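This report goes through the side-chain pairings, the metal site and one helix of the model below. Please keep the sequence and the coordinates at hand while reading.

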Amino acid sequence: MRKAIAILSILLFVLALHATSYALSGNIVVDGKVVNYNVPDVSITVDGNPFNTYGNPPLILDGNTIVPLRSIAQGLGASVNWDGTTQTITITKEKVFKFFIGKNYATVDGNQVQLPAPARLINYDTSYVPMRFLFESLGYDVKWIGDKYLIQVTSKTPDPQTSNNVNITSFSSTYANGVYTVTLKADGPLVYQKGILTDSSGVRVYFDFDNAINAVTNKQISINQGGLNMAYIGQNQLQPAITRFVVSMSSSLLYTITQSQDKKEFDISFNIGSPSQASNNGPLIYIDPGHGGSDPGAIGIGGIHEADIALAIGLKLKTLLDNGGFRTMMSRTTDTYVGLYDRPDQANSAGADAFVSIHCDAFDSPSANGTTVLYYPNGYNGDTRDDKTFAQIIHDNLMQEINTTDRGLSERPNLVVLNQTKMVAVLVETGFVTSPTDAQLLTDDNFQWKVAQGIYNGIVQYFNELKSGAIKSTIS
Ligand SMILES: [Zn+2]
């Protein structure tokens, strides 16, 4: 008996720990008949992002997982039509699929195919069909993760074994000394044909990369300076695979193409000059992109490296500061290793006026996300800097530019870059590389510019207030 109670309490503990939810338990109506339903909630992710079907969650009936047809088909870009008199649902995406309530077959372009379970009408008005058939019809791969009650849906990608395609894995831009450069990187040599299109909207120079799969998540970069409008990339066709890369501009501009020796990197550069060549005699800002070289920092979703993101944001911040009349110094401008103590030491010996370290967060669970600004506690160990005011201003300006979860400020007495620096210092955890939503943003060139702009705006406000006497750099 005692043993039974012990086992029961362990069981209850395990159940509580897993926190399985049963939001839908109770009676549901299946094809007009009331059925008692008591199965854990099933969730869906599409390419790593939660896909919410709101009031109509996936169901497991008679061992088959079925999903609401309309919300999924529409969400994944198909058109949906319901004919109430014949109880037929038609969805169109490349092919025409017809489902019939109560029938365990469907038609694809008029040809009958067997379903593992019939199409159902749930709670009188929502049609449900077997999940695998639906997602595969819409051009996706499906995995059922049984222990999580998760339907994991991913875009179909061409099988790399059966093709000798190269994957374009990186699409980014830099702007320094009046030269704007867009860079593509691939896992094999990039071979291209180029062309030019001119119409009333301007000029587009394009490059068609042969046997190339576009594997980047950020598909466009807004430029909007020096006559350059935007750069974008897309899969023009799959067989043979051609990826088209386009730079649009108001009128024809000269450019230079550079390729690395192995042809895996492709750069196009435009000499557009500096829009606001201010004389740089302002405060000296030390920009510290975290990690680098042999230290990649946190590794996140899709293998992204914290060090790469920190550097990309740091270089953008440098561009903004250089153009805004600040003097700048960076702990690194390439993917190289810099010692932890070297960073504050360099800033101290250069007499920098502010220190900005750029990092990304990481956590075991993909649900952790958001932005945090870290600083050394005011007055701690006799420190006289007012780091809190600096951190608050950076934080407030940054959160006006981006829409990540605001995790606020955090006091961190033990971080070397914060406790060894002699000037005001912050460490910005821009987002979580382990969060699907944050990771997508962090690798996006436009988002990186927004982060840089937010930090830049904060630095401008801080030094303006310092100059006007509204604040001081030390505690009184
Ligand atoms: Zn870090």
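Tyr-105 is partly exposed, because its relative accessible area is 23% (buried means under 20%, exposed over 50% and partly exposed in between, with a 1.4 Å probe and protein chains only). Its partner Phe-100 has 19% relative accessibility and counts as buried. The two rings form a tilted aromatic pair, with 5.5 Å from centre to centre and 45 degrees between the planes. Rings of Phe, Tyr and Trp (its six-membered ring) pair if their centres lie within 6.5 Å; planes under 30 degrees apart count as stacked, over 60 as edge-to-face and the rest as tilted.

This is a predicted model, in which local features need pLDDT of at least 70 and side-chain atom pairs count only at pLDDT 80 or more, while totals for chains, interfaces and linings use all residues. Residues are numbered from 1 along each chain as its sequence is written, and side-chain values use heavy atoms, with hydrogens and water left out.

**Aromatic pairs**

The count of aromatic pairs comes to 20. Tyr-462 and Phe-463 form an edge-to-face pair, because their planes stand at 90 degrees, with the ring centres 5.1 Å apart. Tyr-462 is buried at a relative accessible area of 1%, and Phe-463 is buried at 11%. One aromatic cluster is made up of Phe-171, Tyr-192, Phe-207, Phe-209, Phe-245, Tyr-255, Phe-266 and Phe-270.

**Salt bridges**

A salt bridge is taken as a side-chain nitrogen of Lys or Arg within 4 Å of a carboxyl oxygen of Asp or Glu. By this rule there are 11 salt bridges, including these:

| Pair | N to O distance |
|---|---|
| Asp-31 and Arg-120 | 3.6 Å |
| Arg-120 and Asp-62 | 3.1 Å |
| Asp-208 and Arg-244 | 2.7 Å |

Asp-208 sits in strand β19 (residues 202-210) and Arg-244 in strand β23 (residues 242-249), so their salt bridge ties together parts 36 residues apart in sequence. Helices (H or I, at least four residues) and strands (E, at least two) are DSSP runs, numbered from the N terminus. Asp-208 is buried, with a relative accessible area of 12%, whereas Arg-244 is partly exposed at 23%.

Asp-31, Asp-62 and Arg-120 are linked in a network of salt bridges. How exposed are the residues of this network? Arg-120 is buried, with a relative accessible area of 18%; Asp-31 is partly exposed at 32%; and Asp-62 is exposed at 67%. In the salt bridge of Arg-120 with Asp-62, the partners are 58 residues apart, Arg-120 being in strand β12 and Asp-62 in the loop between β5 (59-61) and β6 (64-68). In the salt bridge of Asp-31 with Arg-120, the partners are 89 residues apart, with Asp-31 in the loop between β1 (26-30) and β2 (33-37) and Arg-120 in β12 (residues 120-122).

**Two buried strand residues**

Val-247 lies in strand β23 and is buried, with a relative accessible area of 0%. Not counting residues up to four places away in sequence, Val-247 touches Val-203, Arg-204, Val-205, Leu-228, Met-230, Ala-231, Ile-268 and Phe-270 (contact means heavy atoms within 4.5 Å). The C-alpha atoms of Val-247 and Asn-64 are 49 Å apart, with their positions 183 residues apart along the chain.

Thr-45 is in strand β3 (residues 43-46) and is buried at 16% relative accessible area. Leaving aside neighbours within four places in sequence, Thr-45 contacts Pro-50, Phe-51, Leu-150, Ile-151, Gln-152 and Val-153.

**Zinc site**

Which protein atoms are donors of the zinc ion? They are His-291 (NE2), Glu-306 (OE) and His-359 (ND1), at 2.1 to 2.2 Å from the ion. Donors are N, O and S atoms within 2.8 Å of the metal (3.2 Å for Na, K and Ca); water is not among the atoms, so sites may look incomplete. Along the chain the donors follow the spacing H-x14-E-x52-H. Glu-306 in helix α4 (residues 306-323) and His-359 in strand β28 are 53 residues apart, and both are buried.

**Helix α5**

In helix α5 (residues 342-350), Arg-343, Pro-344 and Ala-347 are buried. They lie on the same side of α5, because they cover an arc of only 90 degrees around the axis, taken from the directions from the helix axis to the C-beta atoms. The cover over these buried residues includes β26 (284-289), β28 (354-361) and α7 (416-419). Just after α5, Gly-351 takes a positive phi of about 70 degrees.
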